[in-house]
Amino acid sequence: MEVRVENVRKEFDRFPALHDVSLDIRSGELIALLGPSGSGKTTLLRLIAGLERPTAGRIFFGDTDASEKSVQERNIGFVFQHYALFRHMTILENVSFGLKVRPRSTRPPAGEIRRRAMELLDLVQLSGLEKRYPNQLSGGQRQRVALARALAIEPGVLLLDEPFGALDAQVRRELRKWLREIHDRTGHTTVFVTHDQEEALELADRLCVMSQGKIEQVGSPDSVYDKPTSPFVFGFIGESSELPVSVDKGDIWLGDRPIGIAGAQAQGQQRLFFRPHDIELVEGGAALAGVVASSRRVGGTRRVELDIGGAAHRVEIDLPFDHPAAERSQIAFRPKRWALFPAT
Ligand code: ATP
């Protein structure tokens, strides 16, 4: 099912949680709503679900205007961060619930409900645990039950609100891979809320990056990571270093020194962004040069803080872990990839 959000605004007591948001969600895609706390991700998800009504704007499911339709009419599968499983029901009963409570006219026969629930438990790799109760499962297993329960009603759209937020890092990573596999097999249109960049980059077909109630950028993980269209997205989607530069006829200068980058499209005062790992060390020629202020291990690399132009500017760059960078040593480098945004 394709979902179209058109010029949606949402206010809570006059506070605008979303300003004029438009988003086309493609049929069968897994799209991540990504942004810092308070950026409006959950509000957008709840509007799509029908748990909130827009202050202005419309939401279409396929060609149907769903703006006034109830949650049930929208046929939504929902998974929240905190497993909202029914504690007094077994796993099998939890997964069957959505089908059992259907009106008689659309309810499958009991045997069929059971068969479908068992199939879903198999899909989420929990076969054999169907007689257990939620408190007899781990957090990761409970979220898998929640997903099976959401899928049982064959939803047109699956909405996931930080479903792995309460789990530890390793379980999160496993469930991410697992969710991607399930999505590839079942093909549900899925909207996934997260504030975790790595999770969004790994999981999603497309990212919708949000900030302060607005959509900043929508695109594939590669396009958003490699071609961020704003300083906010550059800094939010990965690590970044920034320098105030000027551009003259394509050459980039820091103060009165060219830094060895040509071909810039912009002109005048700019903000230069690059990623700490995306640099090359150079010897001689125009480059950025600075003095090591500190260094620490980050995973398999050495993250170095470099003071450029005395202590006028400080940036971070990554060096190979065995690089003999000591305090006060001189390092010259060029960013391999970079972005410029006008200084305002
Ligand atoms: P988080 O990652 O922390 O969940 P979020 O990006 O999902 O954040 P929302 O929960 O959508 O953000 O909230 C967006 C803004 O709207 C916040 O400033 C929040 O305080 C406000 N807000 C959300 N729900 C309500 C409500 N029911 N009443 C009043 N304000 C609300």
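**View 1. The open sheet of strands 2, 1, 4 and 5 in the predicted model.** In this predicted model, an open sheet is formed by 4 strands in the order 2-1-4-5, and their pairing is antiparallel. Its edge strands are strand 2 (15–25) and strand 5 (64–65), each of which pairs on one side only. Inside the sheet, strand 1 (residues 3–12) pairs with strand 4 (residues 56–61) in the antiparallel sense, over 5 bridges. Within this pair, valine 3 stands opposite phenylalanine 61 of strand 4. Helix 1 (residues 41–49) packs on the sheet and touches strand 1, strand 2 and strand 4. The direction of helix 1 makes about 120° with that of strand 1.

**View 2. The open sheet that runs from strand 6 to strand 10.** This open sheet consists of 6 strands in the order 6-7-8-3-9-10, and the pairing is mixed. Strand 6 (76–79) and strand 10 (214–219) are the edge strands, each pairing on one side only. On average, neighbouring strands of the sheet are turned by 15° against each other, direction ignored. One of the pairs joins strand 7 (residues 157–161) to strand 8 (residues 189–194); these two strands run parallel and share 5 bridges. In that pair, valine 157 has threonine 189 of strand 8 as its bridge partner. Helix 5 lies across strand 6 and strand 7, and runs at about 170° to strand 6.

**View 3. The packing of helix 5 against helix 6.** Two packed helices are described by the angle between their axes and the distance between the axes. The axes of helix 5 (residues 139–152) and helix 6 (residues 169–186) come within 11 Å and cross at roughly 20°. Because angles under 35 degrees count as roughly parallel, helix 5 is roughly parallel to helix 6. The crossing in which helix 5 passes helix 6 is right-handed. Helix 5 contributes Gly139, Gly140, Gln143 and Leu151 to the contact, while helix 6 contributes Val171, Leu175 and Thr186. Sorted by class, the contact of helix 5 with helix 6 has 3 nonpolar residues, 4 polar residues and no charged residues.

**View 4. The packing of helix 3 against helix 5.** Helix 3 and helix 5 pack with their axes 7 Å apart, at an angle of about 25°. Helix 3 and helix 5 are therefore roughly parallel to each other. Helix 3 passes helix 5 in a crossing that is right-handed. From helix 3, the residues Ile91, Asn94, Val95, Ser96, Phe97, Gly98 and Leu99 take part; they meet Val145, Ala148, Arg149 and Ala152 in helix 5. The residues of this contact divide into 7 nonpolar, 3 polar and 1 charged.

**View 5. The packing of helix 3 against helix 4.** How do the axes of helix 3 and helix 4 lie, and at what angle do the helices pack? The axes of helix 3 (residues 91–100) and helix 4 (residues 110–123) are 9 Å apart, and the packing angle is about 125°. That angle makes helix 3 oblique to helix 4. The two helices, helix 3 and helix 4, have a right-handed crossing. On the side of helix 3, the contact involves Ile91, Leu92, Val95, Ser96, Leu99 and Lys100; these meet Ile113, Arg114, Arg116, Ala117, Leu120 and Leu121 in helix 4. By class, the contact of helix 3 with helix 4 contains 8 nonpolar, 1 polar and 3 charged residues.

**View 6. Strand 14 and its partners, strand 11 and strand 20.** Strand 14 (residues 268–274) is joined to strand 11 (residues 241–248) by 7 bridges, and the two strands run antiparallel. In this pair, serine 246 stands opposite glutamine 269 of strand 14. Strand 14 also pairs with strand 20 (residues 339–342), in the antiparallel sense and over 4 bridges. Here phenylalanine 273 stands opposite alanine 339 of strand 20.

**View 7. The contact between domain 1 and domain 2.** According to the domain assignment, the chain holds domain 1 (3–235) and domain 2 (241–342). The centres of domain 1 and domain 2, taken over C-alpha atoms, are separated by 40 Å. The contact takes 4 residues from domain 1 and 4 residues from domain 2. On the side of domain 1 that touches domain 2, 3 residues are nonpolar, 1 is polar and none is charged.

Notes. Residues numbered from 1 in each chain as written. Predicted model: local features only at pLDDT ≥ 70, side-chain atom pairs only at ≥ 80, totals over all residues. Pairing = 2+ DSSP bridges. Domains from an automatic or database assignment. Contact = placed C-beta atoms within 7 Å. Nonpolar A, V, L, I, M, F, W, Y, C, P; charged D, E, K, R; others polar. Axes fitted to C-alpha atoms, helices over the stretch in contact; angles between N-to-C directions. Parallel < 35°, antiparallel > 145°, perpendicular 65-115°, else oblique. Left-handed = near helix turned anticlockwise from the far one by under 90°.
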